[in-house]
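This report describes the architecture of one protein chain for a reader who is new to structural biology. Please examine the sequence and the structure before reading on.

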Amino acid sequence: MTATRTDRGPRSRDAILQAASDLCREQGYAAVTMEAIATRARVGKPTLYRWWPSKGAVFLDVVLDKLVEPAIELPDTGDMVRDLRTWIRGFADLFTDPHARQLLVGLLGAAQTDTELATVLREKVQRPLQAGNRQRIIAAQEAGELPAMDPTLLEELLISPPWYRLLVSGEPVTREYADQLVDAVLSVRPQQPTAAPPQK
């Protein structure tokens, strides 16, 4: 688990996260070690491990604090279509920043072999956000603003293509692409099941 904001001095915490971020920018995610983070932040290595169990846990807090939190939560201005464009544009801005890309790719790669980190990502980040987004999507569907389909599927149709470009294809994720994606998804109108012909 990542450490909470109450179990350490804020200056030490900020120094550690800044040290990790700087080292990643300078050396790349794979080259950064816990020892290097402790040395750069001027804290003891045992102290670092007491607060974070792994390098991935440190970088999860780096990503959440410095990069992701402003971008990953669906905004609420009362205009759902505009909010969706703003939301996906936030991912575009995040994914076009070289440092952010390096952090995200490194962190998600680490989660493939670090089961504790993967669990934290799902339970503390992905699922709470998905639950909040689901409520917004359902309300917008009931108001006729969004296509009537499974809200989880609708969310995945919007956010999966940018992540695919980041992690697989390497194609750019621009604001123009974000707008095109939102327009394409919102144009989908699932077909209603065809009624069975009457029995003769």
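At what angle do helix 8 (residues 151–169) and helix 9 pack, and how far apart are their axes? The two helices pack at an angle of about 150 degrees, and their axes are 10 Å apart. Helix 8 is therefore roughly antiparallel to helix 9, since angles over 145 degrees count as roughly antiparallel.

## Overview of the chain

The model discussed here is predicted. Its chain contains 9 helices and 0 strands, so that the order of elements from the N terminus reads α-α-α-α-α-α-α-α-α.

Of the 200 residues in the chain, 40% are buried. Among the contacts with a separation of 6 or more, 65% are accounted for by residues 24 or more positions apart.

## Helix 8 and helix 9

The crossing of helix 8 and helix 9 is right-handed. On the side of helix 8, the contact involves L154, L157, L158, P161, P162 and R165, which meet Y177, L181, V182 and V185 in helix 9. By residue type, this contact divides into 9 nonpolar, no polar and 1 charged.

## Helix 5 and helix 9

Helix 9 (residues 175–186) also packs with helix 5 (residues 80–95). Here the angle is about 140 degrees and the axes are 8 Å apart. Helix 5 is therefore oblique to helix 9. The crossing of this pair is right-handed.

Which residues bring helix 5 and helix 9 together? Helix 5 supplies V81, L84, R85, I88, R89, A92 and D93, while helix 9 supplies R175, A178, D179, L181, V182, D183 and L186. The residues of this contact divide into 8 nonpolar, no polar and 6 charged.

## Helix 5 and helix 8

How do the axes of helix 5 and helix 8 cross? They come within 10 Å of each other and cross at roughly 15 degrees. Helix 5 and helix 8 are therefore roughly parallel to each other, as angles under 35 degrees fall into that class. The crossing of helix 5 and helix 8 is right-handed.

From helix 5, the residues L84, W87, I88, F91 and F95 take part in the contact, and from helix 8, E155, L158, I159, P162, W163 and L166 do so. The contact of helix 5 with helix 8 comprises 10 nonpolar, no polar and 1 charged residues.

## The nonpolar core

The largest nonpolar core has 56 residues, and the members that touch the most others are I37, V58, F59 and L84. Helix 5 gives the most to this core, with 8 residues. One of these highly connected members, L84, belongs to the helix 5 side of the contact with helix 9 and also to that with helix 8.

What does I37 touch, leaving aside residues up to four places away in sequence? Its partners are I16, A19, A20, L23, V32, L48, V58 and F59. V58 and F59 thus appear both as partners of I37 and beside I37 in the list of members that touch the most others.

## An exception in the backbone

Most residues other than glycine have a negative phi. R42, however, has a phi near 65 degrees, a positive value in a residue other than glycine.

Where does R42 lie? It is located in the loop between helix 2 (34–41) and helix 3 (45–51). Is R42 buried or exposed? R42 has a relative accessible area of 79% and is therefore exposed, as the cut-off for that class is over 50%.

Key: Residues numbered from 1 in each chain as written. Predicted model: local features only at pLDDT ≥ 70, side-chain atom pairs only at ≥ 80, totals over all residues. Heavy atoms only, no water. Axes fitted to C-alpha atoms, helices over the stretch in contact; angles between N-to-C directions. Helix = DSSP H or I, 4+ residues; strand = E, 2+ residues; numbered from the N terminus. Parallel < 35°, antiparallel > 145°, perpendicular 65-115°, else oblique. Left-handed = near helix turned anticlockwise from the far one by under 90°. Contact = heavy atoms within 4.5 Å. Nonpolar A, V, L, I, M, F, W, Y, C, P; charged D, E, K, R; others polar. Core = buried A, V, L, I, M, F, W, Y, C linked by side-chain atoms within 4.5 Å. Buried < 20%, exposed > 50% of the residue type's maximum accessible area, 1.4 Å probe, protein only.
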